[in-house]
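Q: Could you take one part of this model and walk me through it closely? I'd like to know what sits around it and what it belongs to.

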Amino acid sequence: MDMKGASALIVGGAGGFGAATTRRLAQAGAQVVIADMAEEKGAALARELGGGARFCKTDVLSEGSVSAAVAVAAGLGPLRAAVVVHGGPAAGARIIGRDGKRYPFSTFRRTVDIFLNGTFNVLSIAAEAMAANDPLADNQRGVVITTASIAGFEGQAGQSDYSAAKGGVIGLTLTAARDLAPLGIRVMCIAPGTFLTPAFGDADPAEIQAQWGPGVPNPKRMGDPDEYARLATHIVENDFLNGTTIRIDGAQRFGIK
Ligand SMILES: NC(=O)c1ccc[n+]([C@@H]2O[C@H](COP(=O)([O-])OP(=O)(O)OC[C@H]3O[C@@H](n4cnc5c(N)ncnc54)[C@H](O)[C@@H]3O)[C@@H](O)[C@H]2O)c1
C-alpha cells in the first residue's frame, strides 16, 4: 500500500519501536500521528519531523482517547496504517513465589488489560475508520500491525501475565484478519525478540547489550528498533502479508528464564 497522501497512526509512537516506525512511515510519505501517554517525548518527535506530524496524548485503555487520535489521523488523510506498539508493565514474578505467595490477580489482569485489551481497542477503532476509506487496488483499505513478543510463544518463568497477553495478541491476528477481510483491511502481528529500547531502562547501553546480546544466536546482539520499523514499513507496503505473526529475533528462543 502506498502511504503517500494517507495517514498512519502509531500507538506508543514516542517509544523505542514506535518512534523508529513513525520516522520510517513519515519517510514513506505518510502523515503520521504519534499516539502515546508520554507527552514530552511525543510532542518533541512531532516537532522534529515537522510537516503534518502530530502528537495526541492517548491511553490505549480509553475508547475516547483512541477515537480522538484516530479522528486526528483521518483528518490528515485516509487512515491506511495503524501500528499498535505501546508499552506497559514489566514482567512480574512466578505464579507461586519462593515465599509461597501467589502472583496478584489484580496485577495479572492489569497486564492483560494493557497489552491485549488495549491492542483490541486500537485495532477495532482504527478498523472502523479504515472501513470508510475508498478502496485501492485489490479492494485494499488499510492495515493494522500489532506487537506481540517471542514471550507470546515461549514465555519465561515469571512472565505469566505478559506471555498470556502476548499469546492473546498472536491469537487475535488470524481471526481479526478474517473478520476484516471483507472490508479490505489486513491484520499482521510482529513478535520481537530482545531489542535495545528505552523499555530496558537508563543503564549504559553497552551494559544492556552485554547482558542480553549473547543470548541471540545471530547476529549476536540485541535488535535495533529500526529493524522493527523496517519490517513494519514492509508489511504496510506488501498487500499479500496478512493474518500471521512474524518473529524478528535473530533466531533467539527464550529458555526457562
Ligand atoms: N524492547 C523489546 O525488547 C521488546 C521485545 C518484545 C516485545 N516488545 C513489545 O514492544 C512494545 C513496545 O516496546 P518498546 O521497547 O518500544 O517500549 P518503550 O518503553 O520504548 O515504548 C513504549 C511506549 O508506550 C507508551 N505507553 C505506555 N502505556 C501506554 C498506554 N496505556 N497508552 C498509550 N501509550 C502507552 C509509553 O509512553 C512509551 O512511549 C511493547 O508492547 C513491548 O511488549 C518489546
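**A close look at Ala8**

A: Not counting neighbours within four places in sequence, Ala8 is in contact (heavy atoms within 4.5 Å) with Met3, Leu25, Ala30, Gln31, Val32, Val33, Leu79 and Ala81. Keep in mind that this is a predicted model, where local features need pLDDT of at least 70, side-chain atom pairs count only at pLDDT 80 or more, and totals for chains, interfaces and linings use all residues. Residues are numbered from 1 along each chain as its sequence is written, and side-chain values use heavy atoms, leaving out hydrogens and water.

Ala8 also belongs to the largest nonpolar core (buried Ala, Val, Leu, Ile, Met, Phe, Trp, Tyr and Cys joined through side-chain atoms within 4.5 Å; buried is under 20% relative accessible area with a 1.4 Å probe, protein chains only). Of its 28 residues, Ala8, Leu25, Ile145, Ile190 and Tyr228 touch the most other members. At least two core residues each come from strands E1 (7-11), E2 (31-36), E4 (79-84), E5 (142-147) and E6 (185-192), and from helices H1, H2 and H7 (225-237). H7 gives the largest share, five residues. A separate core has 26 residues, including Ala69, Val122, Ala126 and Ala176.

Now for two of those helices. H1 (residues 16-27) and H2 (residues 39-49) pack at about 20 degrees, axes 11 Å apart, which makes H1 roughly parallel to H2 (angles under 35 degrees). On the H1 side, Ala19, Thr22 and Arg23 meet Leu45, Glu48 and Leu49 of H2. By class, that's three nonpolar, one polar and two charged residues.

Terms used
Axes are lines fitted to C-alpha atoms, for helices over the stretch in contact, and angles run from 0 to 180 degrees between N-to-C directions. Helices (H or I, at least four residues) and strands (E, at least two) are DSSP runs, numbered from the N terminus. Angles under 35 degrees count as roughly parallel, over 145 as roughly antiparallel, 65 to 115 as roughly perpendicular and the rest as oblique. Ala, Val, Leu, Ile, Met, Phe, Trp, Tyr, Cys and Pro count as nonpolar, Asp, Glu, Lys and Arg as charged, and the others, Gly among them, as polar. Buried means under 20% relative accessible area, exposed over 50%, partly exposed in between (1.4 Å probe, protein chains only).
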